[in-house]
Amino acid sequence: MSNQTSPAVSTRMDRFARDWAASRLGRFVFEVRRALKSADADSVHDLRVSIRRLSQCLRIFPEFFPAPETKRIRRRLRRIMKLAAEVRNRDIAVELLAKASLGSRSSLVARLAEDRKLGERALAAELRRLARRDFSSKWRARLQL
């Protein structure tokens with residue numbers, strides 16, 4: 001028996017990979033818009049999840065997408081993920097401090113809140129730049145979805 005994949009299976013895998021990528025990209029677009037409206041803890045968390053899932057799809061099925069385009073998109077996703085992580089880390093720290101009964105008047109909590117605002121502004125600026133460039137259509141075309 002041969003190790004080669006039949007053309008029919010290859011075609012089905014290609015369609016599956018592209019459909020999955022299109023779905024993950026659609027979810028990412030939704031979460032970008034949601035985070036632009038309100039960068040609350042849930043929105044930032046969901047944005048990060050959508051980034052991870054889209055990035056994983058592109059990493060798992062590299063043979064179905066143009067390599068240079070995939071690399072550019074994944075690099076942009078990493079940049080957004082890093083900014084979102086800065087915000088999310090502050091959210092988690094504040095939650096943990098609240099569970100430890102450290103009052104909201106604490107200087108540490110105040111510092112974390114200020115750091116979060118700065119991170120949120122940086123994230124929002126990056127998301128606005130992304131959205132202004134009609135990235136959804138461009139990324140769909142670049143990935144041949």
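This note goes through a predicted model point by point, covering its core, its largest pocket, its salt bridges and some individual residues.

1. The largest nonpolar core contains 29 residues, and those that touch the most other members are Phe 28, Leu 47, Phe 65, Ile 80, Leu 123 and Trp 139. At least two residues of this core come from each of helix H1 (7-37), helix H2 (41-60), H3, helix H4 (107-132) and H5. The greatest contribution to this core is that of H1, which gives seven residues.

2. Leu 47, which is among the core residues that touch the most other members, is a useful place to begin when looking at the packing. With its neighbours within four places in sequence left aside, Leu 47 is in contact with Phe 28, Glu 31, Val 32, Ala 35, Ile 80, Ala 84, Leu 123 and Leu 127. Phe 28, Ile 80 and Leu 123, which appear among these contacts, are also named with Leu 47 among the core residues that touch the most other members.

3. Trp 139 deserves its own point. Trp 139 belongs to helix H5 and has a relative accessible area of 5%, so it counts as buried, the limit being under 20%. Apart from neighbours within four places in sequence, the residues in contact with Trp 139 are Leu 25, Phe 28, Leu 54, Ile 73, Arg 76, Leu 77 and Leu 130. Between Trp 139 and Leu 58, which are 81 residues apart in sequence, the C-alpha to C-alpha distance is 12 Å.

4. The largest pocket has a volume of about 190 Å³, and its lining consists of Arg 72, Ile 73, Arg 75, Arg 76, Arg 79, Leu 130, Arg 133, Phe 135, Lys 138, Trp 139 and Arg 142. Two or more lining residues come from each of helix H3 (67-99) and helix H5 (135-142), and H3 gives the most, with five residues. By class, the lining has seven charged residues, four nonpolar ones and no polar ones. Trp 139 therefore has a place both in the lining of this pocket and, as a buried residue with a relative accessible area of 5%, in the largest nonpolar core. Ile 73, Arg 76 and Leu 130 are likewise lining residues, and these three are among the contacts of Trp 139.

5. Turning to charge pairing, the whole structure holds 14 salt bridges. One of them joins Arg 76 to Glu 126, with the closest N and O atoms 2.7 Å apart. This pair links distant parts of the chain, since Arg 76 lies in helix H3 and Glu 126 in helix H4, 50 residues apart. Both partners are buried. Arg 76 is also one of the residues that line the largest pocket.

6. A second pair to inspect lies within H3, where the side chains of Arg 72 and Glu 69 meet in a salt bridge with an N to O distance of 2.9 Å. Because Arg 72 and Glu 69 are three residues apart in helix H3, about one helical turn separates them. Arg 72, another of the pocket-lining residues, is partly exposed at 45% relative accessibility, whereas Glu 69 is buried, with a relative accessible area of 19%. The value for Glu 69 should be read with the cut-off in mind, because buried means under 20%.

7. In helix H1, Glu 31 forms a salt bridge with Arg 34, and the closest N and O atoms are 3.1 Å apart. These two residues are three apart in helix H1 and are therefore separated by about one helical turn. Glu 31 is buried at a relative accessible area of 1%, while Arg 34 is partly exposed at 26% relative accessibility. Glu 31 is also one of the contacts of Leu 47. Through salt bridges that share partners, Arg 27, Glu 31, Arg 34 and Asp 46 are joined into one network.

8. Some backbone angles should be checked by eye. Asp 134, in the loop between H4 and H5, is not a glycine, although its phi is positive at about 50°. Asp 134 is partly exposed, with a relative accessible area of 44%. Gln 144, in the segment after H5, also has a positive phi, near 60°, and is a residue other than glycine.

9. Lastly, Ala 122 is placed in helix H4 and counts as partly exposed at 33% relative accessibility. Ala 122 and Arg 34 are 88 residues apart along the chain, and their C-alpha atoms are separated by 16 Å.

Terms used
Residues are numbered from 1 along each chain as its sequence is written. This is a predicted model: local features need pLDDT of at least 70, side-chain atom pairs count only at pLDDT 80 or more; totals for chains, interfaces and linings use all residues. Side-chain values use heavy atoms; hydrogens and water are left out. On a 1 Å grid over the protein atoms alone, a cavity is a set of points where a 1.4 Å probe fits but cannot get out, and a pocket is an open set with protein on both sides within 12 Å along at least five of seven lines; lining residues have an atom within 4 Å of a point. Grid points are joined across faces, edges and corners, and a volume is the space filled by probe spheres set on the points. Helices (H or I, at least four residues) and strands (E, at least two) are DSSP runs, numbered from the N terminus. Ala, Val, Leu, Ile, Met, Phe, Trp, Tyr, Cys and Pro count as nonpolar, Asp, Glu, Lys and Arg as charged, and the others, Gly among them, as polar. Buried means under 20% relative accessible area, exposed over 50%, partly exposed in between (1.4 Å probe, protein chains only). Contact means heavy atoms within 4.5 Å. A nonpolar core is a set of buried Ala, Val, Leu, Ile, Met, Phe, Trp, Tyr and Cys residues joined through side-chain atoms within 4.5 Å. A salt bridge is a side-chain nitrogen of Lys or Arg within 4 Å of a carboxyl oxygen of Asp or Glu.
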